[in-house]
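Visitor: I am new to this structure. Please pick a single part, look at it closely, and then show me how it sits in the rest.

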Amino acid sequence: MKRTVDVSIPVGPIHPCWKEPARVKCETKGEFVLSAEVELGYMKKGIERIMRGRPWQEVMFLAERVCGICSVIHNMVFIEALEGISSIPVPERAALLRVIVNELDRMQSHILANFSYCYTIEHETLAMYLLDVREKVMDELERITGARVTCAYIVPGGVRFDLRHEDALRLRANLAAIEDEIIRYTGMFENGPMIALRSKRIGILTKEDAREACAVGPTARASGMPESDRRLYHPTYQKLGFVPVSREEGDNFARIMMRFQEILQSIALIRRCLDTLPEGPVRGGGIPGAGEIAYSGEAPRGELSYFIRTDAAGRIVDIAIQTPSIMNIEACCHYMLKGVASLADVPSTFVSSDPCIACTER
Amino acid sequence: MSGYLYEKDLTSMKYDILTSTRHDRMVREIAADIGIPQIKLRRYIMERFDMLLMENLPARYEEGKRQMAYASETERDLRAHLYSRAIPLVTEDEMDRIVTRVKELMESGMPREEAVLAGKNLFRGSILK
């Protein structure tokens, strides 16, 4: 937007607290932030263009490379979209294993997001504790799928590997340890007076603004929009009796607490999957064919949508990916940052929306 | 020759965003609805919106269309919420002026369709000016 302003302070593209480069130009009046706009283009991959014309067997690996933090959900949504096009059934055991891996991925993503926030507000002790507990989750992910990121675990008609009995026992034991630590760290965050000073009533996103900016995921649910959770509409999650959690405050504090709550919710979901995991095959087979579909799933940051058109040989004719960070960063920069009382709160507010520039630019 | 160290020309990147599958579909729909050439609408958007708002346009467009169900009949006909809040092509004040003008025309006895058409012409004029 071309405008002449009194003071325009750029934050980024390179900032010590940000995981990826983006430039937020803040129009300020003293310390008060009047508005902000964002410049992207520092890490454009053009991955949608690379995908076009390639067979699905290649594109499934490209899809999970859109984002290194939430690669499992990109894999899951892409494959479930192909299964939707060709009506490929998924064995029940495989569907539950997908949920287990997806929830582990959500846990590590949420922990990383909360680590970033604590690091940004200079609570390095809690930040490092969180990074430590994240490793336990990553270990579980690696034990089940064989890789920490870009696991390529989900394939049409099932999953790549079964969960061994001894691995399931170890997963249960580690979940108990992770739960204890997360409860302890949630208490530290919830009751920390310095954390409250930097987080409560800062970067407020009202429910109306969240709806207008199409905010999704924990960002939307922290502003009182539980219905934004796509897991509500997923058949496996419905069978598990999934109920989303939400908060009303809409500030930085609520967004971080929301993620802590969702980590505990994910642990409960994984336990429920393990309790109800039936015996049976994990790969039913099936070959994707021609068709067109718009399919959405709940990524750690919110609704992730794939719009795919394939030909009879399963090649990707056209594809468009709508990642949750697009909506959340927009909500952050055009609504949360507007009216922030101090420039020092800009990085923390930005980080509280869990921005993923790799997803945004694709 | 002097130049700004950090400012760069974003035109080509903005154009790339606007010509992606879903953005292109949206631009075509809006241009057809308003009655202006697509190229002019693209230019208008590129000059006024930052890159992030542009990336988010298809989602906002779909949500804006859903929100139209809750608007009054006149606002729905003019797609007031869609074009001033969801896709901020004009400011809310400007759209309010257009809606008020259409209501005045209807109160003065002009048939509804003609008044709405006049409102759409005002809206188109404010984009093309």
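The hairpin and its surroundings

Guide: In chain A, β7(A) and β8(A) make a hairpin with five residues between them, and G314(A) in that turn has a positive phi of about 85 degrees. Helices (H or I, at least four residues) and strands (E, at least two) are DSSP runs numbered from the N terminus. The model is a predicted one, in which local features need pLDDT of at least 70 and side-chain atom pairs count only at pLDDT 80 or more, while totals for chains, interfaces and linings use all residues. Residues are numbered from 1 along each chain as its sequence is written, and chains are lettered from A and ligands numbered from 1 in the order in which they are written.

The two arms of the hairpin run antiparallel, with six bridges joining β7 (residues 302-310) of chain A to β8(A). Y306(A) has I321(A) in β8(A) as its bridge partner, and I308(A) has I319(A) in β8(A). Two strands are said to pair if DSSP finds at least two bridges between them. In general, strands of a sheet pair through backbone hydrogen bonds, either parallel or antiparallel.

The hairpin belongs to an open sheet of three strands, in the order β6-β7-β8 of chain A, with antiparallel pairing. Its edge strands are β6 (291-299) and β8 of chain A, each of which pairs on one side only. From one strand to the next the twist averages 15 degrees; axes are lines fitted to C-alpha atoms, for helices over the stretch in contact, and angles run from 0 to 180 degrees between N-to-C directions.

Of the seven residues of β8(A), five are buried, so this strand is largely enclosed by the rest of the structure. A residue is buried if 20 or more other C-beta atoms, placed from the backbone, lie within 10 Å of its own, exposed if 12 or fewer, and partly exposed in between. By that count, 51% of the 362 residues of chain A are buried.

β8(A) also has a place at the interface, where 23 residues of chain A are in contact with 21 residues of chain B. Contact here means that the C-beta atoms of two residues, placed from the backbone, lie within 7 Å. The elements giving two or more residues to this side of chain A are β3 (32-39), α8 (207-212), β8 (316-322) and α12 (324-336) of chain A. The largest share, six residues, comes from α12(A). The residues on this side divide into 11 nonpolar, four polar and eight charged. Ala, Val, Leu, Ile, Met, Phe, Trp, Tyr, Cys and Pro count as nonpolar, Asp, Glu, Lys and Arg as charged, and the others, Gly among them, as polar.

β3(A), also listed at the interface, lies in another open sheet of three antiparallel strands, ordered β1-β2-β3 in chain A. β1 (7-11) and β3 of chain A are the edge strands there. Between neighbours in this sheet the twist averages 25 degrees. Five bridges join β1(A) to β2 (residues 23-29) of chain A, and V7(A) stands opposite T28(A) in β2(A). Helix α13 (residues 345-352) of chain A lies across β1, β2 and β3 of chain A, at about 135 degrees to β2(A).

As for the whole, chain A has 14 helices and eight strands. For the complex, the predictor gives an ipTM of 0.79 and a pTM of 0.89.
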